[in-house]
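Biologist: Could you take me through one helix of this model up close, starting with how far the prediction can be trusted?

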Amino acid sequence: MRFIYVIFAALALAGCGTTAEPIWAPEAEVQRAIYTHDGPPKVTLYTVINNGSEEGGHTAVMVNGAQRIMWDPAGTWWNPRSPERNDVHYGLTPRMEDIYVDYHARETWRVVIQEVQVSRATADGLIAAFQARGAVPKAQCSTSTTTILRQFPEFSSIRTTWFPKAVMRQFDALPGVRKTIVYDDDDDNNQPLLRQQIAAGQDAL
């Protein structure tokens, strides 16, 4: 069962697994999966936090621009309906986003979701930058993400860091951030859930 707490920040208020693992989905799969969302250009930061140690375990980013993609550097999640090219996952429908969050949120981990609207130029620029980055080595999810983010005007205040919670705290200081915290009491072993999600065929997508 999932429990969600929503926090609004008005004006400023696990998965990183040592070497990169290149993956390159065929062009036909990517083209079939491309999803365009009619919402505003937006960047969504996902931070996976251990409920016991309170340490951050993973950083990922979803971008809504000309299309909606998930940047999941050195992540462990995958789904055949969301083809991957070197840590960029395509076809991020709302249902696929839910599947992504459900995979990470479990009894020992929670997911902090921070959304901020950006210009269309920034959104599309980020998509291109993530696509150009290439596969990220394990344990470098936060440093690779912050290195790219800080190149864009809306994120010029972001400092490069190796720590997921440090990225999260910097996002808290951005104007207009909307924060959601997702708790879930699913078993800590999420591999059966991953297999279940894939076997189900995602009929609702």
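Modeller: Sure. This is a predicted model, with a mean pLDDT of 90 over the chain and 89% of residues at 70 or more. The weak patch is residues 3–13, where pLDDT drops below 50, though the model still gives that stretch 34 contacts beyond near neighbours in sequence. Where pLDDT is low, don't read the predicted coordinates in detail.

Now for the helix I'd pick, α2, which covers residues 94–104. Eight of its eleven residues are buried, so α2 is largely enclosed by the rest of the structure. The buried set is Met96, Glu97, Ile99, Tyr100, Val101, Asp102, Tyr103 and His104.

One of its partners to look at is α6, residues 191–199. For two packed helices, the description comes down to the angle and the distance between their axes. Here the axes come within 9 Å and cross at roughly 160 degrees. The cut-off for roughly antiparallel is over 145 degrees, so α2 counts as roughly antiparallel to α6. The handedness of this crossing is right-handed.

As for who touches whom, α2 brings Ile99, Asp102 and Tyr103, while α6 answers with Gln191, Leu193, Leu194 and Gln197. Sorted by type, the residues of this contact are four nonpolar, two polar and one charged. Ile99, Asp102 and Tyr103 also turn up among the buried residues of α2. The spacing fits helix geometry too: with 3.6 residues a turn, residues three or four places apart point the same way.

Methods:
Residues numbered from 1 in each chain as written. Predicted model: local features only at pLDDT ≥ 70, side-chain atom pairs only at ≥ 80, totals over all residues. Heavy atoms only, no water. pLDDT = per-residue confidence, 0-100. Contact = heavy atoms within 4.5 Å. Axes fitted to C-alpha atoms, helices over the stretch in contact; angles between N-to-C directions. Helix = DSSP H or I, 4+ residues; strand = E, 2+ residues; numbered from the N terminus. Parallel < 35°, antiparallel > 145°, perpendicular 65-115°, else oblique. Left-handed = near helix turned anticlockwise from the far one by under 90°. Nonpolar A, V, L, I, M, F, W, Y, C, P; charged D, E, K, R; others polar. Buried < 20%, exposed > 50% of the residue type's maximum accessible area, 1.4 Å probe, protein only.
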